[in-house]
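Student: Got a minute to walk through this one with me? I'd like to get a feel for the fold before I set anything up.

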Amino acid sequence: MADDLEAAGTATSYSGATSAASPRERSRPRGAGRGLYDLDRTDLSHLLADQPPYRVNQVWEALYAKAALPEEMTNLPLSLRSRLADHAPAALRTVAESVSSDGQTVKWLWEGSDRARVETVLMCYPDRATVCVSSQAGCAMGCTFCATGQGGLARQLSSGEILEQVAHARRRARTRRVTNIVFMGMGEPLANYERVWASIERMNADMGISARHITVSTVGIVPGIRRLSHESLPVNLAVSLHAANDALRDRLVPINRRYGLDALVEACRQYRSVKNRRLSFEWALIDGVNDRRSDAAELARIATGLAAHVNVIPLNPTDGFATRGTPPDGVRRFRDLLSSMGVAVTVRRNRGTDIEAACGQLAARAAQPSPPA
Ligand code: SF4
């Protein structure tokens, strides 16, 4: 696991130590192209050096407030739109798009210039929308029930690639305002800390998304949680717990062998007391594995001690896995057990089953050869 973490670029991030690379280089992982959302204002003013100074604000506003594509920036001369499109093309290209049967959930599979693949999900509600973004192409954490975990880590995403996912989803949401962002797509956000945090700062400052509506999910990178508690923006923390004893969690979530439950609970306690933000635990219910009465009792002990909300999610079926999600009556029983033990619990509607929205599933499916015609 130590090697995995090094590969994920986390070693310096944990300690906060500075690496030899410049901030700009660090913002651009190896293999990532340089799209418009990877440019900062200084880059943009270089690109527009022959233009009146107000052009930088005009383009910035179009990118962040309106999520416009260069060709849609009709207040710019045509030659300038072409220059933007040529010098900073989209970093991600659409490989596949799936829409749920009710039309309210859209999932995209993207490909970077190096062919690394990532996914984004847009979930629409009557008056708003939530975007679930990926923070890495693949993931090094190796959770045993996860399709992405099977494939390992391809590379980190740049901040611009994360922001581009949000911009694309905002365009698709049309009149519905994207109010919430969750880092629950591919990857472990705290293993790509600096780029994830840079993207959060820009979502907040330039896209107008409240930090209180941004949720960072982690499988339990304890130093990353501690670091998050020192940041200025009060984002929500979601911990993918899935097991509440070390023996089972070691098996399901291998990072637990490095940062065990005691350390994780302590880091969550610190986050809550410093930030006073909502803490939630995600619990993917796996039939016969973590849906027993004893699992509920262990989870309740931890959740009530931290006043954490528990989101129970029936595991999406995944090709190639013997494990399967708890059936609906078992999900209700587990929810009622937790409730009776004083836990605030929600069964998260599984919005993705019919479009393969479990983490990594669309990428896995797209990688399969097409059936013969
Ligand atoms: S569940 Fe999340 S952290 Fe675990 S392997 Fe999958 S993407 Fe990575």
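Student: How many residues of strand 3 are buried?

Tutor: 8 of its 8 residues are buried, so strand 3 is largely enclosed by the rest of the structure. Keep in mind that this is a predicted model.

Student: OK, and which residues point which way from strand 3?

Tutor: Arg 117, Glu 119, Val 121 and Met 123 point one way, while Val 118, Thr 120, Leu 122 and Cys 124 point the other way. Both sets are buried, with Arg 117 and Glu 119 among them.

Student: In which sense do strand 2 and strand 3 pair, parallel or antiparallel?

Tutor: Antiparallel, over 7 bridges. One residue pair to look for is Leu 109, whose bridge partner in strand 3 is Glu 119.

Student: What about the hairpin of strand 2 and strand 3, which residue there takes a positive phi?

Tutor: Arg 115, with phi near 75 degrees. That hairpin has 5 residues between the strands.

Student: And how many bridges are there between strand 3 and strand 4?

Tutor: 4 bridges, again in the antiparallel sense. Leu 122 stands opposite Val 131 in strand 4. Strand 3 and strand 4 form a hairpin too, with 4 residues between them.

Student: Let's zoom out. In what order do the strands of the open sheet come?

Tutor: The order is 1-2-3-4-7-8-9-10-11-12, which makes 10 strands, and the pairing is mixed. Strand 1 (93–99) and strand 12 (345–347) stand at the edges; each has a single partner strand, so one side of each is left without a neighbour in the sheet.

Student: By how many degrees are neighbouring strands turned against each other?

Tutor: On average 20 degrees, with direction ignored.

Student: You said mixed pairing. Which way do strand 7 and strand 8 run?

Tutor: They run parallel, and 3 bridges join strand 7 (residues 178–183) to strand 8 (residues 214–218). For an example, Val 182 has Thr 215 in strand 8 as its bridge partner.

Student: Which strands does helix 8 touch?

Tutor: Helix 8 (residues 159–173) packs on the sheet and touches strand 2 (105–111), strand 3 (117–124), strand 4 (129–132) and strand 7. The direction of helix 8 makes about 35 degrees with that of strand 3.

Student: Is helix 8 mostly covered or exposed?

Tutor: Mostly covered, since 13 of its 15 residues are buried. From first C-alpha to last, helix 8 reaches 21 Å, close to the 21 Å expected at 1.5 Å a residue. Right after helix 8 comes Arg 174, which has a positive phi near 55 degrees.

Student: Any other helix to check for length? What about helix 14, how far apart are its end C-alpha atoms?

Tutor: They are 18 Å apart, which agrees with the 18 Å that its 13 residues (328–340) should span at 1.5 Å a residue. Helix 14 is followed by Gly 342, with a positive phi near 90 degrees.

Student: Switching to the ligand: which residues are the closest?

Tutor: Cys 139, Met 141, Cys 143, Cys 146 and Gly 149, out of 12 residues that surround the ligand. The shell divides into 7 nonpolar, 4 polar and 1 charged.

Student: Last bit, the whole chain. How many helices and strands are there?

Tutor: 15 helices and 12 strands. Of the 373 residues, 45% are buried. As for contacts between residues at least 6 apart in sequence, 69% join residues at least 24 apart.

Notes:
Residues are numbered from 1 along each chain as its sequence is written. This is a predicted model: local features need pLDDT of at least 70, side-chain atom pairs count only at pLDDT 80 or more; totals for chains, interfaces and linings use all residues. Helices (H or I, at least four residues) and strands (E, at least two) are DSSP runs, numbered from the N terminus. The expected span of a helix is 1.5 Å times one less than its number of residues. Two strands pair if DSSP finds at least two bridges between them. Axes are lines fitted to C-alpha atoms, for helices over the stretch in contact, and angles run from 0 to 180 degrees between N-to-C directions. Two residues are in contact if their C-beta atoms, placed from the backbone, lie within 7 Å. A residue is buried if 20 or more other C-beta atoms lie within 10 Å of its own, exposed if 12 or fewer, and partly exposed in between; C-beta atoms are placed from the backbone. A residue is near a molecule or strand if its C-beta atom, placed from the backbone, lies within 6 Å of it. Ala, Val, Leu, Ile, Met, Phe, Trp, Tyr, Cys and Pro count as nonpolar, Asp, Glu, Lys and Arg as charged, and the others, Gly among them, as polar.
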